[in-house]
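Trainee: I would like a close look at a single part of this model, taken slowly and with the cut-offs spelled out. Could you then connect that part to the charged pairs elsewhere in the chain?

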Amino acid sequence: MMADTLIDEPEVAQPAAEGPQEAIARCVATVMRSRRATRAFAAQPLRREVVEAILQDAAFAPSGANIQPWRVHVLSGAVKNALTDLLVAASRAGTAPAPQHFPEPLPDTYRARLMDFGARYYASLGIDRNDTPARTRQTERNYAFFGAPVGLIFSIDRRLKPHSWIDLGLFAQNVMLAAKARGIDTCPQVAFAQFHAPIAAHLHMSADEVTAFGMSMGYGDPEAEVNRAAMPRERVQDFARFSGFAG
């Protein structure tokens, strides 16, 4: 673990006196810092109109030349459950392409963070990293959206270039922040990307559409240890270089 360069759960500064703009900044900072990948959800439904409001707010994300390349399939109930069954079956059958989330070899800096994440994640679940069956069962929970009442599949036109994929990411971040501002939790999940073929067939996607990732959405279970696992962040001075400032 890179404890000397990473920080856990940084707190938002609390000024002695603040004006309206500072209060807004602190509120936004609180929402951003309290958002986390939630992997256990309470059995509490999420109304369609709430999800629609979240997506409408998120739609104000920037995009190059305002092309707004994002597409979202919002799933609940029997449709979501049917997709889960389909993906679990595909996973067990081994018919999906191998995941290609990261390059191989992964550069050392990123591999160290990946290993640190795995140690924290499986420890919070009480799963030994060498317990392959338990890890497989946990992986399959991805396809059940970790028990969330709503699952989202984000897609994009495959003909677009990387800059439009950045736009999709900005939109997804807006979704997570708009949800968290309403007390609703999320988990972005790249695990869905390798299952594009069955997802596309199930959701009747067009030939030009490609699955980018999925997302679980609902009210997180506050008692679940996995939802309390701390995931560290680098300090600003470790990832940013400042030039041209006075002083």
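Mentor: What follows begins with one helix and then turns to the salt bridges.

This is a predicted model, in which local features need pLDDT of at least 70 and side-chain atom pairs count only at pLDDT 80 or more, while totals for chains, interfaces and linings use all residues. Residues are numbered from 1 along each chain as its sequence is written, and side-chain values use heavy atoms, with hydrogens and water left out.

The part I would choose is helix α7, residues 196–203, where helices (H or I, at least four residues) and strands (E, at least two) are DSSP runs numbered from the N terminus. Within α7, the residues H196, I199, A200 and L203 are buried; buried means under 20% relative accessible area, exposed over 50%, and partly exposed in between, with a 1.4 Å probe and protein chains only. These four lie on the same side of α7 because they cover an arc of only 100° around the axis, the arc being that of the directions from the helix axis to the C-beta atoms. On the other side of α7, A197 and A201 are exposed. The buried residues pack against β2 (71–76), α3 (77–93), β3 (150–157) and β5 (209–218), where contact means heavy atoms within 4.5 Å. After α7 comes H204, whose phi is positive, near 55°.

Turning to the charged pairs, side chains of opposite charge can pair when their charged atoms come close. A salt bridge here is a side-chain nitrogen of Lys or Arg within 4 Å of a carboxyl oxygen of Asp or Glu, and by this rule the count comes to 13. One of them joins R113 and E234, at 2.3 Å from N to O. That pair links distant parts of the chain, with R113 in helix α4 (residues 108–125) and E234 in strand β6 (residues 233–234), 121 residues apart. R113 counts as partly exposed because its relative accessibility is 30%, and E234 is likewise partly exposed, with a relative accessible area of 23%.

Another salt bridge is formed by R47 and E49, at 2.8 Å from N to O; at 52% relative accessibility R47 counts as exposed, whereas E49, at 46%, counts as partly exposed. The side chains of E225 and R228 also meet in a salt bridge, with 2.8 Å from N to O. Salt bridges that share partners, moreover, join D157, R159 and D208 into one network.
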